[in-house]
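Grab a pencil and keep the 3D view open. Here are some exercises to work through, each with a solution you can check step by step.

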Amino acid sequence: MKVGMSVANRKKVGWYLIFTVPLLLIFTLIVLVPFVIGIYYAFFQWDGIGANPMVFNGLDNFVRLMDDTRFLRSAWLTVLFTVLSVITVNAAGLAFALLVTSKLKLANLARTMLFMPYLIGGLILGYIWQFVFLDVFTLLGDATGLDSIFFNWLNNEDFALFALVFVFTWQMAGYVMIVYIAGIQGIPGEVIEAARIDGASGWQRFLRITVPLLMPAFTISLFLTLSYGFKIYDVNLSLTGGGPANATELFAMNIYNEIFGYGNYGYGQAKAIVFFVIIAAITLTQVYITKKREVEM
Amino acid sequence: MAFNKKFVTGMTFAATISLLAACGGGGGDEGGSEGGSGEESQGISIFQTKVEISEQLEAAAEAYTEETGVPVEVIGTTGDDYAQQLQIRLNNGTGPSIMSVQNAEVAERLESYLYDLSGEDFVSNIAPDMELMLDDKLVGVPYSVEGFGIVYNKDMVDPADIADYDSFVSTLEDFNAEGINGFGLSSEAYFLIGHISNYPFSVQEDPVEFMEQLTNGEVNLSETEEFQRFGEFMEAIRDNTPTPLNTTYDTQVGDFAAGQTAMIHQGNWAAGMLDEFEVDFEVGMAPFPLEGNDKLAVGVGSNWAVNAEKDQAEIDAAIEFLDWLHNSETGQRFIVEDFGFIPAMTNIEAGDLDPLSQAVLEASNSGDTIPWSHNYYPANVVPNDFTPVAESFFVNEDMTGEELVENLQAAWENAAQ
């Protein structure tokens, strides 16, 4: 800090500290510290019970990961889930955003209703949809005769994952819609109007004007859905519980089960580290790529 | 809407790093007050596994506080993930003074937390062989005697019709033809496979020894006759009843009470719920007829244990509470009348029992019982390994009983390694 800082400047720093220090402390205490301790645990064999011995076993936990078929399957399922979700969530979110920013009469009402599922929260949403799949779907199947589409998806090893994607989309689409709405409203009307006068069709205007100018919103939305998708746990727990037969046991749940189900605390932490590295790598790459495509006005 | 670069990078870092922290943190967010230890009297806290007695235990705790002035906090239980929740509490220092320990396998893991109760007065009243021992220390006081088997509607089922494999299957087929669920399981780990998987183990001559041999690889389930028959039973159940995966404990018992299910695989603990439904028919409990088995499976569901990590004053207070519960008139009344337990103590008279508990008590008194083998399974094998196997069996109609048993063998190997 410069010597002889003005009073006003010092005051500014004071305010700055008041707002950031508590947050920084909390972040350090409940995120950074457990993160570092977690890395430490990953090199031990330990059952997670405080009084029992921790045995240092170097990189064994990480080596063991390589041929843990249940973990690898869970990794593949998570990737599949995330890819599908990122596509459906963003497609639905963008479509909703275009819809409610058009000159629709019920735009405000629609906006509220579309955002609602996000406010309900994953756990409750999971239980609600469990009911829908179990009762409503089977009922629909019986009534319409389309029981190859309408059956309890949650009891099918292939469809359970799609059910999860569906419910996650239901939850998140309204959230990214808000991001896209902000982006769309930031596009100046005169640009669109100029394009219209030049004879660009609706589709051309969307593709050549709206999409490039929406790139910052894409960056944020893709990042959010990617990372939420990878670390999903609540919907997973309440909708399928990882079943049937571990067909929907995603990363976070696999780690939880390893630590608290099998009592392999160290090994579970090793999984968590790998999990972190993978997600960090993927999301940072995505942010880097989409940032490059952003255009300045 | 220009997001600046630092902001995005910062957020990326913060969000990704929080993934890991979230994983490490588990669910220990309920922390909170520990036993409200006042200055005048040492408070205690109880965290136990049996959902059915939650409210009644709170009432008992209140009565105890009224009598003695010792505050007792009953921490709400969560049922299925009790072991995980207990582990979190013990690790983060909010462990209870009194906890549940399901069986010897769990006791071994928690050894350093278990207080040696051998010398206490009231343990001398525990019925023979019902106490939980760890080496030569007595670490657990049994909750009660419990039993499970086929709970059936006496208006619909004659026990003679389910006394062996052939009659059992044809009874299921008859009910199936009438559109009635002949035999209900439910989707929770123990009700789906945990309890019913006991039979092929428990009808062995020495179940515990058999399980040791299994762990050591000296026997194979697929080559054991009892398991081959068990696979056939499971196949018959799957093919003639609606899938249990769509059913919870509540709907399983509810459908039975409503007469839509003729038989369910449950224990005497279900009597409380049947009572709430005010069923208008008589219920009975019959043995599961595997390999001519004609005995109910009877055992101890869980045990009270005292947390040895607490300071001596709290340990003493916890022991006093257990002593009160098992020795005082009020405490005993709670056990028998409110909890509806079949007491596992010789100094407590069983009260007016519901028909299911009565059946269990009679079996227990006459010695016509098979043991609960699942108390000797590798820790957590039922929710971790058996349940996925059972789920895939019920989901895939073309999986045979043989394959089910093969998968159970693999599941055991995975858990016992």
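**Exercise 1.** How many helices and how many strands make up the secondary structure of chain B? Then describe the overall build of the chain.

*Solution.* Before you start, remember that you're looking at a predicted model.
- Step 1: Count the elements. Chain B has 16 helices and 11 strands.
- Step 2: Check the radius of gyration. It is 23 Å for chain B, close to the 22 Å that the globule rule gives for 417 residues, so chain B is as compact as a globular protein of that length.
- Step 3: Look at the outline. Along the principal axes, the C-alpha atoms of chain B fill a box of roughly 70 × 65 × 45 Å.
- Step 4: Look inside. Of the 417 residues in chain B, 47% are buried.
- Step 5: Ask how far apart contact partners sit in the sequence. Take the contacts in chain B between residues at least 6 apart: 76% of them join residues at least 24 apart.

**Exercise 2.** In what order do the six strands of the open sheet in chain B lie? Work out which ones stand at the edges.

*Solution.*
- Step 1: Read across the sheet. The order is β2-β1-β3-β10-β5-β4 in chain B, and the pairing is mixed.
- Step 2: Find the ends. β2 (72-75) and β4 (132-134) of chain B each have a single partner strand, so one side of each is left without a neighbour in the sheet.
- Step 3: Check the twist. Ignoring direction, neighbouring strands of this sheet are turned by 30 degrees against each other on average.
- Step 4: Add a helix. α2 (residues 54-68) of chain B packs on the sheet and touches β1 and β2 of chain B. The direction of α2 makes about 170 degrees with that of β2(B).

**Exercise 3.** Follow the pairing from β1(B) through to β4(B). Which pairs are parallel and which antiparallel?

*Solution.*
- Step 1: Begin with β1 (residues 44-47) and β3 (residues 98-101) of chain B. They pair in the parallel sense over two bridges, and B:I46 has B:I98 in β3(B) as its bridge partner.
- Step 2: Move on to β10 (residues 303-306) of chain B. Four bridges join β10 to β3(B), and these two run antiparallel. Here B:I98 turns up again, standing opposite B:V306 in β10(B).
- Step 3: Go from β10(B) to β5(B). They pair in the antiparallel sense over two bridges, with B:V141 matched to B:W304 in β10(B).
- Step 4: Finish with β4(B) and β5 (residues 137-142) of chain B. Three bridges join them, and they run antiparallel. B:L134 stands opposite B:K137.
- Step 5: Look at the link between those last two. β4(B) and β5(B) form a hairpin with two residues between them. In the turn, B:D135 has a positive phi of about 55 degrees.

**Exercise 4.** Are the residues on the two faces of β3(B) buried or exposed?

*Solution.*
- Step 1: Sort the residues by side. B:I98 and B:S100 are on one side, B:M99 and B:V101 on the other.
- Step 2: Check each one. All are buried, and both faces of β3(B) are covered.

**Exercise 5.** Now switch to chain A. Into which domains is it divided, and what does the contact between them look like?

*Solution.*
- Step 1: Set the bounds. Domain 1 of chain A spans 7-56 and domain 2 spans 64-296.
- Step 2: Find the spacing. The centres of these two domains, taken over C-alpha atoms, are 30 Å apart.
- Step 3: Count the contact residues. Domain 1 of chain A gives nine and domain 2 of chain A gives eight.
- Step 4: See what supplies the domain 1 side. α1 (7-41) and β1 (44-45) of chain A each supply at least two residues, and α1(A) gives the most, with three residues.
- Step 5: Sort that side by class. There are five nonpolar, three polar and one charged residues.

**Exercise 6.** Where does A:G121 lie in chain A?

*Solution.*
- Step 1: Locate the loop. A:G121 is found between α4 (107-120) and α5 (122-144) of chain A.
- Step 2: Judge the exposure. The range between buried and exposed runs above 12 and below 20 neighbouring C-beta atoms. A:G121 has 13 other C-beta atoms within 10 Å, so it is partly exposed.
- Step 3: Look for a distant residue in sequence. A:V235 is 114 residues away along the chain, and the C-alpha atoms of A:G121 and A:V235 are separated by 8.6 Å.

Terms used:
Residues are numbered from 1 along each chain as its sequence is written. Chains are lettered from A and ligands numbered from 1 in the order in which they are written. This is a predicted model: local features need pLDDT of at least 70, side-chain atom pairs count only at pLDDT 80 or more; totals for chains, interfaces and linings use all residues. Domain bounds come from an automatic or database domain assignment. Two residues are in contact if their C-beta atoms, placed from the backbone, lie within 7 Å. Ala, Val, Leu, Ile, Met, Phe, Trp, Tyr, Cys and Pro count as nonpolar, Asp, Glu, Lys and Arg as charged, and the others, Gly among them, as polar. Two strands pair if DSSP finds at least two bridges between them. Axes are lines fitted to C-alpha atoms, for helices over the stretch in contact, and angles run from 0 to 180 degrees between N-to-C directions. The radius of gyration is taken over C-alpha atoms; the globule rule is 2.2 Å times the number of residues to the power 0.38.
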